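Visitor: Could you take me on a close look at the salt bridges here? I am new to this, so please go step by step.

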Amino acid sequence: MFAPPEHPVQSLGVQAQAVTVQRRQNQFGVLVAHLLHRFFHNELLASDDETKRVMVIGYAAALPGLLVAMFLFPAYHGFPPYPLHRPFWSQAGDHYFYATYSFLVMGAATVYEWDLLFPDLLDIFVLSVLPIAKERLFFGRVFALGIFLALVLGGTSVLGTVFFPLVAEQHNIFRHLLAHITAVTMSGVFAAASFLALQGVLLNTVGEGTFRRITPLLQGASIMALLAILLLNPTISASLQALLNAGSPAVRYFPPFWFLGVYERIMDGPSAPQIFHSLAWTGCCAVLFMIVATLVTYPLAYRRRVRQLIEGARAVDSSSESDIALGGVLHTMVVPLPQQRAVFHFISQTILRYQRQRVMLALFGGLCLALTLAEMVVLHITTGHIRPGILPYGVRSAVPILVFWTVAGLRSVLAASVDRRGAWVFQIILGRPKAEHLAGTRIWITLWSTIVSVGAILLLHKLSPGSLRGDHVLTGQLIVAVGLSFLLPDLFLFSVRTLPFTHLRKSSITDMPLALVRYVVVFPIFVAVTVHLETWIEAGTRHLIETSLIFVVAHLLLNGAQTQSVSRSGFDGVPSESDEFPQSLGLRDV
């Protein structure tokens with residue numbers, strides 16, 4: 001307390017004259033920091049609010065490891081009704097979850113950052129003209145990518161790695177910790193390396209145009225597969241012993257089983273069941289192979305990607321006589337008004353042009369298909385064979401699941417803004433959007449929801465059990481699919497008063513609770529009620545006609561109510577973003 005101060009008291013003038021020695025920054029370090037910053041601040045995140053939202057999602061992704069460990073505490077300590085000692089295969093099911101979750105998180109993170117794994121136009125136009133060697137640019141991106149993936153893997157698995165071995169209290173906790181870290185790390189590295197190698201192979205074998213066209217499909221299929229593996233986790237864990245002892249060759253081609261084998265082989269050593277020895281060996285070989293494949297394909301794909309960006313993509317006129325004929329049918333029967341056509345074609349030409357919209361489509365599409373498969377598919381296990389089956393309830397629930405998530409996903413994608421610097425053009429031409437303009441958005445979502453649901457019904461009709469192949473069943477499902485495809489867009493878009501992609505909505509404190517209510521409470525009730533009513537709808541022709549009339553009347557009432565609401569909102573004094581248009585031209589967000 002009475003010691004002299006470490007630094008003498010100086011006046012402001014003396015401090016101003018003092019020379020501050022600045023740390024000399026290394027060019028490679030600045031480059032890596034810039035590229036790493038772009039992984040968290042890019043086109044996918046249009047505002048600071050969305051950046052914070054993604055960070056919240058990242059924090060939430062780290063919690064399941066801790067929550068599962070806490071949930072398993074009674075099972076590992078003999079709390080009734082659990083046995084005094086947790087059985088071996090139940091413990092293996094717990095280990096399977098952690099290996100699967102690491103696989104899912106790393107795969108999803110790599111797919112989410114799909115377009116940033118290789119250089120883009122911004123890198124070419126900004127970084128290539130600077131006095132930075134090409135080799136340094138390449139290694140800087142590789143180093144930044146490695147740091148990003150390591151942060152994701154460590155951040156989402158650290159809680160489970162710390163708490164699960166403490167909860168399990170095995171006889172050798174350090175061996176358990178080593179097994180957990182090794183299996184989780186290998187699972188995550190394999191998932192990330194697989195998607196990196198896949199993108200590298202595609203960039204080296206197909207052209208830029210083809211790669212851009214198939215990218216949304218690949219992202220959607222990847223998200224669907226990852227989420228399906230996660231949603232089927234309880235089913236697989238409950239049947240783990242039967243699956244692994246069935247002797248089916250399919251077991252050896254399922255990657256999460258490989259890393260479960262690594263986990264059990266390290267935990268129990270030579271005393272582990274023989275199946276885990278072969279699975280562990282397969283997992284080690286698979287990880288090594290994917291790492292080598294990534295090291296070989298990534299540099300070649302990087303070089304070709306840079307050359308394609310510099311040369312530019314060749315413009316191709318994709319219009320054909322069939323497209324012109326289809327456009328004529330759409331203009332005559334679907335979008336007869338010019339205002340509706342303008343918005344309809346604006347959405348069609350914009351939705352796949354930006355990375356953010358493509359990723360959101362892939363996420364919602366993958367989630368939609370994964371939920372449908374998880375509710376529908378069941379595994380029949382026999383000696384030497386694993387045969388998938390289809391549940392009748394799952395077939396009936398496929399219609400409401402597909403329609404709900406198609407409409408909800410497309411509504412979220414269209415509500416996400418893109419480059420808003422040109423949004424003032426719409427305000428000059430249109431002013432406030434009228435009911436005809438907003439109807440173009442509703443028609444676009446209704447059309448795609450109808451195509452997806454009707455196509456799924458026709459496909460499932462061929463695969464359904466015999467009890468669901470009747471004419472009344474098929475007709476009832478078609479009526480429900482088309483009716484919901486009209487009603488749900490009416491409900492989801494009832495309060496929307498802006499054109500797609502042109503409005504930046506500020507987040508509020510009620511967004512997360514409302515989303516939880518919509519997707520966690522309303523969605524299961526909606527599916528259960530729809531499936532329950534399908535039996536009554538299919539009971540006879542009268543019920544089919546009554547259901548169709550109910551859908552038509554409800555759609556007309558909602559459509560008329562929205563039209564009146566839009567016409568009234570055009571004359572009220574509520575300020576909107578367009579009120580400051582003449583001064584800002586929509587170039588700043590307030």
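Guide: Happy to! Let's start with D94, which forms a salt bridge with R86; their closest N and O atoms are 2.8 Å apart. Both of these residues, D94 and R86, are buried. Some background helps here: side chains of opposite charge can pair when their charged atoms come close. Please keep in mind that this is a predicted model. Its chain has an average pLDDT of 82, and 84% of the residues score at least 70.

A search of the whole structure finds six salt bridges, so let's visit another, where a cut-off of 4 Å between nitrogen and oxygen is what counts. R396 and E534 form a salt bridge, with 3.6 Å between the closest N and O atoms. R396 sits in helix α17 (residues 392–415) and E534 in helix α21, so this pair ties together parts that are 138 residues apart in sequence. Are these two partners buried or exposed? R396 is buried, and E534 is buried as well.

Now move on to helix α22, which covers residues 541–569 and holds both R542 and E546. These two residues form a salt bridge, and their closest N and O atoms are 2.9 Å apart. They are four residues apart, about one turn of the helix. R542 counts as exposed because its relative accessible area is 64%, whereas E546, with 27%, is partly exposed. Returning to the earlier pair, salt bridges that share partners join R396, E534 and E538 into one network.

Helix α21 deserves another look too. The helix spans residues 511–537 and includes V521. With a relative accessible area of 41%, V521 is partly exposed. V521 also belongs to a nonpolar patch on the surface, where M512, L516 and I525 are among the other members. Together, the residues of this patch have about 760 Å² of accessible area.

You may also wonder about links between cysteines. How many disulfides does a search of the whole structure find? The search finds zero. Take C284 as an example: its closest cysteine sulfur is in C285, 6.8 Å away, which is too far for a bond. C284 is partly exposed, with a relative accessibility of 37%, and C285 is partly exposed at 35%.

One last caution concerns residues 571–583, where the pLDDT stays under 50 and the model has 14 contacts beyond four places in sequence. The pLDDT is also below 50 over residues 585–590, a stretch with 11 contacts beyond near neighbours in sequence.

Key: Residues are numbered from 1 along each chain as its sequence is written. This is a predicted model: local features need pLDDT of at least 70, side-chain atom pairs count only at pLDDT 80 or more; totals for chains, interfaces and linings use all residues. Side-chain values use heavy atoms; hydrogens and water are left out. pLDDT is the predictor's confidence in each residue, from 0 to 100. Contact means heavy atoms within 4.5 Å. Patches are made of residues with over 30% relative accessible area and no salt bridge: like charges are joined within 9 Å, nonpolar side chains (Val, Leu, Ile, Met, Phe, Trp, Tyr) within 5 Å. Accessible areas come from the Shrake-Rupley method with a 1.4 Å probe; for residues, only the protein chains shown count as cover. A salt bridge is a side-chain nitrogen of Lys or Arg within 4 Å of a carboxyl oxygen of Asp or Glu. Helices (H or I, at least four residues) and strands (E, at least two) are DSSP runs, numbered from the N terminus. Buried means under 20% relative accessible area, exposed over 50%, partly exposed in between (1.4 Å probe, protein chains only). A disulfide is a pair of cysteine sulfur atoms within 2.5 Å.
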